[in-house]
Amino acid sequence: MRVSVVGVVVCAVLLLTGVASGAASFSDSTGDDNASPDITSVVVSEPVAGTLSVAVTVGNYQTLPRESWFNLWFDVDANASTGDDAGDEALVRYQATGDMELYTWSGTQYVAGSN
């Protein structure tokens with residue numbers, strides 16, 4: 001049953017950067033453009049030191065094409081002058097198939113990592 005995408009990502013990035021513990025969430029009402037993933041909530045927490053848990057709910061997940069995907073970007077050091085031009089050092093790509101890919105900033109480009 002494809003009601004939502006829930007990803008738990010154990011990020012090697014966190015082990016290297018020491019992100020502070022806590023939780024944060026974002027929510028958005030459903031009904032955005034149905035041609036792309038309609039992310040309705042994102043919850044990020046650190047249940048165990050050095051582990052990042054990310055839960056994503058996609059309102060239109062059941063109707064998306066199999067080749068759909070979306071990225072969640074992370075500015076792991078809260079410094080806009082490091083990472084890519086937006087200050088992000090990591091991204092997690094969620095595939096409609098349920099697969100996830102982790103990429104980290106090498107200083108010049110994103111490099112696929114272990115997930």
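Here's a quick briefing on this protein chain, from its overall build to the cavity inside it. What you're looking at is a predicted model. The chain has 115 residues, and its secondary structure comes to one helix and eight strands. Confidence averages a pLDDT of 75, but one stretch scores under 50.

**How far to trust it**
- Along the chain, 73% of the residues reach a pLDDT of at least 70.
- Go carefully with residues 1-21, where pLDDT stays under 50. The model still gives that stretch 50 contacts beyond four places in sequence.

**Overall build**
- Reading along the sequence, you meet the elements in the pattern β-α-β-β-β-β-β-β-β.
- Take the contacts between residues at least 6 apart in sequence: 39% of them join residues at least 24 apart.

**Buried and accessible**
- Of the chain's residues, 35% count as buried.
- The accessible surface adds up to about 6700 Å², and carbon and sulfur atoms account for 54% of that.

**The cavity**
- There's one cavity of 30 Å³ or more, and the largest cavity has a volume of about 40 Å³.
- Ten residues line the largest cavity. To find its centre, look for S68, W69, F70, Q95 and A96, the lining residues that lie nearest to it.
- Two strands to pick out here are β5 (69-74) and β6 (90-95), each of which supplies at least two residues of the lining.
- By class, that lining has eight nonpolar residues and two polar ones, with no charged residues.

Terms used. Residues are numbered from 1 along each chain as its sequence is written. This is a predicted model: local features need pLDDT of at least 70, side-chain atom pairs count only at pLDDT 80 or more; totals for chains, interfaces and linings use all residues. Side-chain values use heavy atoms; hydrogens and water are left out. On a 1 Å grid over the protein atoms alone, a cavity is a set of points where a 1.4 Å probe fits but cannot get out, and a pocket is an open set with protein on both sides within 12 Å along at least five of seven lines; lining residues have an atom within 4 Å of a point. Grid points are joined across faces, edges and corners, and a volume is the space filled by probe spheres set on the points. Helices (H or I, at least four residues) and strands (E, at least two) are DSSP runs, numbered from the N terminus. Ala, Val, Leu, Ile, Met, Phe, Trp, Tyr, Cys and Pro count as nonpolar, Asp, Glu, Lys and Arg as charged, and the others, Gly among them, as polar. pLDDT is the predictor's confidence in each residue, from 0 to 100. Contact means heavy atoms within 4.5 Å. Buried means under 20% relative accessible area, exposed over 50%, partly exposed in between (1.4 Å probe, protein chains only). Accessible areas come from the Shrake-Rupley method with a 1.4 Å probe; for residues, only the protein chains shown count as cover.
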